[in-house]
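This briefing is for a reader who is meeting the structure for the first time. Please look over the sequence and the 3D view before reading the points below.

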Amino acid sequence: MGARVERSIEIALELLTRQIHTIWSSKRHVATLLSVDILGAFDTVNPLRLLDILRKKRLPYWVVQWVQAFITTWSTTLVIQGHETASFPIEAGVPQGSPLSPILFLLYTAKLHEICNRPGEGLSGIGFSDDINLLTYSKSIEMNYRKLEQVHEKLMQWARRHGMRFAPKKYELIHFTRSKGFNLQAGIQLGEGGKAPTQEVRILGIWVDPKLKWSAHWSKM
């Protein structure tokens, strides 16, 4: 939702909380949220891959040419202890600070969000810039984990094709339920690492707790 008209953090959080309350309308279901983070994000955009994506989306030829000139003519120097290096080209990334860069990044990661949003499978992804929050639900936490593990592997495949990486150490995992019949302590296995759920996580600057009482945010404030 970042860098889009009328798609603010408040709207993203409202969408998330409404989805959770909808899931809660059936007391037999539990919601699980996995927050994933792209490592480097803007700095790792592959120019050739980005231009190919723009062509496949049938953007006008002059737009593709303009973007090509915009992202392939950058260079920089480094200053180390007062000594400046010779200028060298930047071969990847979109320049941070430019209002165009977030738009190009959203186009670059569009397929990623298609992977995350599978309403028929009880899985939705709410993205804001380089943050992605995967929300799933079922009648057991074990089923939620299986769905998250499967979609996470697809995210890894996407990342390998696009020369990007995720940052597992920044992942957050939490369950949302008002029932007591679920094992809220079980962890999930993602690739070679595991992740245990917590009682409070920070999502888009707001601290949330399993029952959406907002007590965690009030205590932080």
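What follows is a short overview of the chain, then notes grouped by topic.

The model is predicted. Its protein chain has seven helices and 13 strands, and the C-alpha atoms fill a box of roughly 60 × 45 × 35 Å along the principal axes. Of the 221 residues in the chain, 44% are buried.

**The chain as a whole**

- Counting contacts between residues at least 6 apart in sequence, 66% join residues that are at least 24 apart.
- The protein chain exposes about 12900 Å², and carbon and sulfur atoms supply 55% of that area.
- There are 28 positive and 19 negative side chains in the protein chain, and the centres of these two sets are 8 Å apart.

**Helix H4 and its cover**

- Helix H4 spans residues 101-108, and its buried residues are Ser101, Leu104, Phe105, Leu106 and Tyr108.
- The cover over these buried residues includes one strand, E1 (30-39), and several helices.
- Among those helices are H2 (47-56) and H3 (61-71), together with H5 (110-116) and H6 (141-161).

**Salt bridges**

- The structure contains six salt bridges, and three of the pairs are described here: Lys56 with Asp52, Arg160 with Glu153, and Glu200 with Lys220.
- In the pair of Lys56 and Asp52, the closest N and O atoms are 3.2 Å apart.
- Lys56 and Asp52 are both in helix H2, and because they are four residues apart there, about one helical turn separates them.
- An α-helix has 3.6 residues a turn, so residues three or four places apart point the same way.
- Lys56 is exposed, at a relative accessible area of 64%, whereas Asp52 is partly exposed at 27%.
- Arg160 and Glu153 join through their side chains, with an N to O distance of 3.3 Å.
- Arg160 is exposed, with a relative accessible area of 55%, while Glu153 is partly exposed with 37%.
- The side chains of Glu200 and Lys220 meet at 3.2 Å, N to O.
- Glu200 sits in the loop between strand E11 (193-195) and strand E12 (201-203), and Lys220 belongs to helix H7 (residues 215-220), so this pair ties together parts that lie 20 residues apart in sequence.
- Glu200 is partly exposed, at 30% relative accessibility, and Lys220 is partly exposed at 42%.

**A buried charge without a salt bridge**

- Asp37 is part of strand E1, and strand E1 is also among the elements that cover the buried residues of H4.
- Asp37 is buried but has no salt bridge.
- Which side chain of opposite charge is nearest to Asp37? The nearest one is Lys170, 4.1 Å away, and a salt bridge needs the nitrogen within 4 Å of the carboxyl oxygen.
- Apart from neighbours within four places in sequence, Asp37 is in contact with two acidic residues, Asp130 and Asp131.
- The other contacts of Asp37 on that basis are Phe166, Ala167, Lys170 and Tyr171.

**A positive patch on the surface**

- Arg178, Lys180, Lys211 and Lys213 form a positive surface patch.
- Lys211, one of these residues, lies in the loop between strand E13 (206-208) and H7.
- Lys211 is partly exposed, with 41% relative accessibility.
- H7 is also the helix that holds Lys220, the partner of Glu200 in a salt bridge.

Terms used: Residues numbered from 1 in each chain as written. Predicted model: local features only at pLDDT ≥ 70, side-chain atom pairs only at ≥ 80, totals over all residues. Heavy atoms only, no water. Buried < 20%, exposed > 50% of the residue type's maximum accessible area, 1.4 Å probe, protein only. Helix = DSSP H or I, 4+ residues; strand = E, 2+ residues; numbered from the N terminus. Contact = heavy atoms within 4.5 Å. Patch = residues over 30% accessible without salt bridge, like charges linked within 9 Å, V, L, I, M, F, W, Y side chains within 5 Å. Areas by Shrake-Rupley, 256 points an atom, 1.4 Å probe, with all protein chains shown as cover. Lys, Arg positive; Asp, Glu negative; His and termini not counted. Charge placed at Lys NZ, Arg CZ, Asp CG, Glu CD.
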